[in-house]
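Work through these exercises with the model in view. Try each task before you read its solution.

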Amino acid sequence: MNDWLLALIEMALFVALAPLFSAWVKRVKCWLQNRRAPSLLQPYRDLRRLFAKQVVLSHNASPVFRATPYIIAGATLLAAAVVPFISVNLPTAAIADVIVLAGFFALARFFQALAGMDVGTAFGGMGSSREMTISALAEPAMLMAVFTLAMVAHSTNLSTVIDYLLAQGLVLRPSLLFALLSLLLVGIAETGRIPVDNPATHLELTMIHEAMILEYSGRHLALIEWAVQLKLLIYGVLIVNIFFPWGIATHNSLHALAVAAGVVFFKLMVLGVLLAVGETVLAKMRLFRVPAFLVLALTLALIGLLSHIILEVG
Amino acid sequence: MTALYLTLLIPLFASILLGVFGNHRGAATFNVLATLAGFVASVWLALIVLKHGPLGGEAGQFHIDSFNVYLIALTALVGATTSFFSAPYMAQEEANGRLGPGRLRLYHASYQGFLFTMQLALTTNNLGVLWVAMEGATLATVLLVSLYRTPESVEAAWKYFIICGVGIALALFGTVLLYFAAARVIPDAEHALLWSVLAANSGSLEPVVMAIAFVFLLVGYGTKVGLVPMHTWLPDAHSEGPTPMSAVLSGLLLNVALYALVRVKILTDGALAAGGTHSPHLAGNLMMGFGIVSFTVAGLFLHRQRDIKRLFSYSSIEHMGLMTFAFGLGGPLATFGGLLHMTVHSLTKSAIFVAVGHASHIARTQAIEGIRGLIQTQPAVGWGLLIGTVAIAGFPPFGVFTSEFLLLSATMKTHPWLTLPLLSGLGVAFAGLFRHLHPMVYGERPEGQVAVPANMWPVVLHLVLVLWLGISIPAFLADWFNQAAILITGEGLL
Amino acid sequence: MLEQLPLYEQAILTLAAMVMFTSFALLAQNRVVPMIHIFAWQGLLVAVTTALVAFDSGKHDLYLSAIMTIALKALFIPWLLHRLVKRLGIDREEHGAEHPATVLMIGAGLVIFCYYVAQPIEQLSASVTRNTIAISMAVVLLGMLMLISRGKAVAQVVGFMSLENGLFFAAVAATHGMPMVVELGVAFDVLVGAVIFGVFFFQIRDSIDSLDVDQLNRLSEQDE
């Protein structure tokens, strides 16, 4: 099959499955909390509803405010194109660099923060400053974990990393163990899940992400919501495919792709269950405790790096 | 071997017995008898070694040679005389209400336990058991420092425990590294920690590992020796604990820690010399550095003291610094001086602390300001303190003068520019001691100050011994010093 | 390279990294009961590593050492500390360091320093545990850092015991254990030390009415 067509299909699959993943996490949370869960198609219905509604803009909204949803959606979409989902052997693998990924997310976050401050409301500015604080602490942790990966696999290209780890077989590496834990914590912070931020809150004082998108409506809001769900799925795919790469297709035959799709589906289901359990068991932290949480992530990543240098080389 | 086992087992059993019966009327007397029995056993051991040479064989668990045989007898002697002093002293403290019978039981049991760990550290051939004994000595004495349960004594005991505990832990790390170096060279794992085997093979030990191990061991055991900057526990622990305990701590524990350090230095020197590294004198230079810093700092701190026991504990730090410097300098002259200094300092310092104990009983305070007119009140105590201080400051014809003279001669031969700091330091310390001492012994006798029942003959015995050692060292002792100097530096003096 | 080692040798390295993580966790922990639990986990991890090294090197004495470590460091001492904390009534207080993030960064610096110091020693060893010599030294120094950075007595004692854990681990890593008589002596010393620490807590509390050892400062060289 033509590789570029495959790449497009993979990207479309990513985008289409993002709301489903969020719905799955919500469903498991409801099961754990003894509530009746909404249907798994509910996020799609919400998006359709939002796309149909009229956009209401404030009088002092600048062009940045209007452009931001498209920029965020575009950057996240490009990030989705880059991350190996079912196959490692795609043409997009050439730009599948982790630093590039971090750059895309940074671009999206930058414009989101600007848009939050754009209209001039108090809550928007508050959300933006909180978001920037958290990401300022989460970025070093993520980069440290990424560098650990890069030192282990001798490359920052995601496809190369996954190929290298697949070729090794089952190896217990302390560096990867700590990098995994660190990336889990960073992922929670970056995607705004409990215990860092509550995705379902309506209390302005506890909002971080919700505060920045408070002024959006209609198709703008739909695009931003979709981008958030896509970001969660991207982090999930990163974690399951890098640290547990078995099953991913290394050559693009139909059989390998089908198996890979099934395996990654299953891995994401398990990750969704774990995420839901974590969100149910933990409570949201006070904002002032979030830096301690992120310093823990940084320490874990640092230990991973040090373990690699001390224990695994030579 | 019986003598050896007796020397070790008498304090151990006495400790256990006193732990059960120590609050009995006759506990103090039993304590004295036990230490006297231990002293007799150690003298018997010394006689055996005098006749037959080193004890313990090639790879035995115990090793008595010329370096530790007189230290064993010295430990037993100081333990005995101090226990003689402690019997009426602690009875007086009990009468003053500073402690109860339960604590006396702890005191007596810990005293004997401490003597046991000291003798074990001195007689063992196994460097790991040496470590265990040093740690055991810390544990045996830490509860004694806080015996009076005042806030200051609890603070002193906590500081002692933490600082010495951490120091000893570093020494254990050094011992592990030493074992690592040894295990590569000595095939039998059980023999790899035996000092006699290691000394025979020290040339083939890995120099880099030995150097790192020595640094850890120097910092670790140096904490117990009282080297600056690890000395901060010493003035507190010596001043807050009961005086008999200050006497044995100053007189015995510091010595044994230095002994452990020198044993390790012998191994390190052998490894570094044969290894052809660029710093074959690393061990000696480090010891010299720490020694002279301790000596200088302690001499300066002497002037600021307001508590009489703190004053003399800084004097202990100063002398231990001097001894460390002597052993670091190396060469037969300095080593002979260092060995002599270990002996006379132990005797003199314990005598001083006995006198200080009685002085603080007379004046009912430990503050220097509050102690006046000792010679007028009780001449024995006053003169004892005065002559003891004269001895420790280095006046001829006492033994301390002889050892310091040997050290200065050695310094002038090898490092002449260091003689000036040594001499000035000795002068500073002398000034500090006498500046505080003079009003204490000669000042106006305060109203109502009376003599207390005092047992001064331990002081007399020790000072007479120091005088004798200063004027003419007996032949067997000089012979042992000489052989020990050969062991430590490779060449003898005589 | 790592992937060529058998699985249980990889497990030894992973467990060593987890021991180092528990040292960092102790540095970051503010409350005293979780601190004791982390210390118990550290003891357990060190014991399991010792058992794996015993299996790998064939030295059966190490199994005994591992059992002793579990009994002493993972069970008895945490139980003792827990009981003391309950009796002293301090389980709800804050026992943290002044600037936890700075302390963690200094800890990371210490690990790098230990790696540098242990290099010449590691080059001489041929065993699989040679890389863990640096880790064990790091655990020792991190225990000391915990001692320095805390102002409460119980936290200092936990730091001290964690330092002893590091020393035992160093013996296992560098030389596959020490002669049995030495190991028994060390274990006995640690046991007696823990008991005496317990006695001390009460003495400190009775004399200054709190366990804040920063307030033990009457003995100093300053002029009043």
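**Exercise 1. Describe the contact between chains B and C.**

Start with the counts. In this predicted model, 37 residues of chain C meet 38 residues of chain B. Next, find the elements on the chain C side. Helix H4 (100–122), helix H5 (132–149), helix H6 (153–175) and helix H7 (180–208) of chain C each give two or more residues to it. H7(C) provides the largest share, 14 residues. Last, sort the chain C side by class: 27 residues are nonpolar, six are polar and four are charged.

**Exercise 2. Do the same for chains A and C.**

Count again. Here 18 residues of chain A are in contact with 21 residues of chain C. On the chain A side, helix H7 (174–191) and helix H11 (290–312) each supply at least two residues. The largest share, 11 residues, comes from H11(A). By class, this side of chain A holds 13 nonpolar, three polar and two charged residues.

**Exercise 3. Which of the two pairs of chains that touch has the most contacts?**

Compare the two pairs. Chains B and C have the most contacts. Then check the remaining pairing. No contact joins chain A and chain B. Their closest C-alpha atoms lie 19 Å apart.

**Exercise 4. Test the length of helix H4 of chain A, then examine its surroundings.**

Take the residue count first. H4(A) covers residues 98–118, which is 21 residues. At 1.5 Å a residue, the helix should span 30 Å. Its end C-alpha atoms are 30 Å apart, so expectation and model agree.

Now look for buried residues. Among them are Leu101(A), Phe104(A), Phe105(A), Ala108(A) and Phe111(A). Arg109(A) and Asp118(A) are also on the buried list. What covers the buried residues of H4(A)? The cover includes helix H3 (63–82), helix H5 (122–153) and helix H9 (218–243) of chain A. Finally, look past the helix. Gly120(A) follows H4(A) and has a positive phi, near 95°.

**Exercise 5. Is Thr296(B) buried, partly exposed or exposed?**

Locate the residue: Thr296(B) is in helix H11 (residues 282–301) of chain B. Count its surroundings: 19 other C-beta atoms lie within 10 Å. A buried residue needs 20 or more, and an exposed one has 12 or fewer. Thr296(B) is therefore partly exposed.

Next, list its contacts beyond four places in sequence. They are Pro421(B) and Gly425(B). Compare Pro446(B): it sits 150 residues from Thr296(B) in sequence, and their C-alpha atoms are 35 Å apart in space.

Methods: Residues numbered from 1 in each chain as written. Chains lettered and ligands numbered in written order. Predicted model: local features only at pLDDT ≥ 70, side-chain atom pairs only at ≥ 80, totals over all residues. Contact = placed C-beta atoms within 7 Å. Helix = DSSP H or I, 4+ residues; strand = E, 2+ residues; numbered from the N terminus. Nonpolar A, V, L, I, M, F, W, Y, C, P; charged D, E, K, R; others polar. Expected span 1.5 Å × (residues − 1).
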